[in-house]
Amino acid sequence: MRWLEEAERKLRAAELLLREGLYDSACLLSYLAAHISLYQLIEQSEELFSQAPLVFMLKRLPDVSSEILHSAKILETYSLPLRIPASIPEGVPSDYIDKSMAEEALTHAKAIMEFVKGEMG
């Protein structure tokens, strides 16, 4: 359960950053929380790759709902300019993330983490 515990810490940090108005950082930590929570399943399945995007990690699992895949797509989209700053044409990554996006990222990270917990039984 070590990776799930670490993911919970990242999620709590994202919530704190959201309250402080650091929306880009909250969004990035939400992405990391979801990604790290999937490591818990990786330890149980050799078929997953830890460096793959969330969507592709999830697609390798049986019976993943379209809602969970949608959550992964949102998190990947929001986190891209934060993880790869060269992907934005101008400005800085924080120019591209607002409060509602950070809130949505938290919601999607929580959904993925709940999925992981459900898969673990």
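## Salt bridges, helix packing and core

Glu6, Arg9 and Lys10 are joined in a network of salt bridges, a salt bridge being a side-chain nitrogen of Lys or Arg within 4 Å of a carboxyl oxygen of Asp or Glu. The model is a predicted one, in which local features need pLDDT of at least 70 and side-chain atom pairs count only at pLDDT 80 or more, whereas totals for chains, interfaces and linings use all residues. Residues are numbered from 1 along each chain as its sequence is written, and side-chain values use heavy atoms, with hydrogens and water left out.

By the salt-bridge rule the count comes to six, and three of these pairs are set out here.

| Pair | Closest N to O distance |
|---|---|
| Lys10 and Glu6 | 2.8 Å |
| Glu8 and Lys117 | 2.8 Å |
| Lys117 and Glu114 | 3.4 Å |

Lys10 and Glu6 both belong to helix H1, four residues apart, about one turn of the helix; helices here are DSSP runs (H or I, at least four residues), numbered from the N terminus. Lys10 is partly exposed at a relative accessible area of 23%, and Glu6 is partly exposed at 25%, where buried means under 20% relative accessible area, exposed over 50%, and partly exposed in between (1.4 Å probe, protein chains only). The salt bridge of Glu8 with Lys117 links distant parts of the chain, with Glu8 in helix H1 and Lys117 in helix H5, 109 residues apart. Glu8 is partly exposed, with a relative accessible area of 24%, and Lys117 is partly exposed, with 29%. Lys117 also pairs with Glu114, and because these two are three residues apart in helix H5, about one helical turn separates them.

Helix H5 (residues 99–120) also packs with helix H2 (residues 23–42), their axes coming within 8 Å and crossing at roughly 10°. Axes are lines fitted to C-alpha atoms, for helices over the stretch in contact, and angles run from 0 to 180 degrees between N-to-C directions. H2 and H5 are therefore roughly parallel to each other, the term applying to angles under 35 degrees. The contact (heavy atoms within 4.5 Å) includes Ala34 and Leu38 of H2 and Ile112 and Phe115 of H5. Its residues divide into 16 nonpolar, three polar and two charged; Ala, Val, Leu, Ile, Met, Phe, Trp, Tyr, Cys and Pro count as nonpolar, Asp, Glu, Lys and Arg as charged, and the others, Gly among them, as polar.

The largest nonpolar core, a set of buried Ala, Val, Leu, Ile, Met, Phe, Trp, Tyr and Cys residues joined through side-chain atoms within 4.5 Å, has 40 residues, of which Leu38, Leu54, Leu58, Leu75, Ile112 and Phe115 touch the most other members. Helix H1 (2–19), H2, helix H3 (54–59), H4 and H5 each supply at least two residues of this core, and H2 gives the most, with 11 residues. Leaving aside neighbours within four places in sequence, Leu54 is in contact with Tyr31, Ala34, His35, Leu38, Ala72, Leu75, Glu76 and Ile112.

Two further buried residues can be placed by their contacts. Leu29, in helix H2, is buried at a relative accessible area of 18% and, not counting residues up to four places away in sequence, touches Lys10, Ala13, Ala14 and Leu17. Ser71, in helix H4 (residues 66–83), counts as buried at 4% relative accessibility, and, with the same exclusion of residues up to four places away in sequence, Ser71 touches His108, Ala111 and Ile112.

Notes:
Angles under 35 degrees count as roughly parallel, over 145 as roughly antiparallel, 65 to 115 as roughly perpendicular and the rest as oblique.
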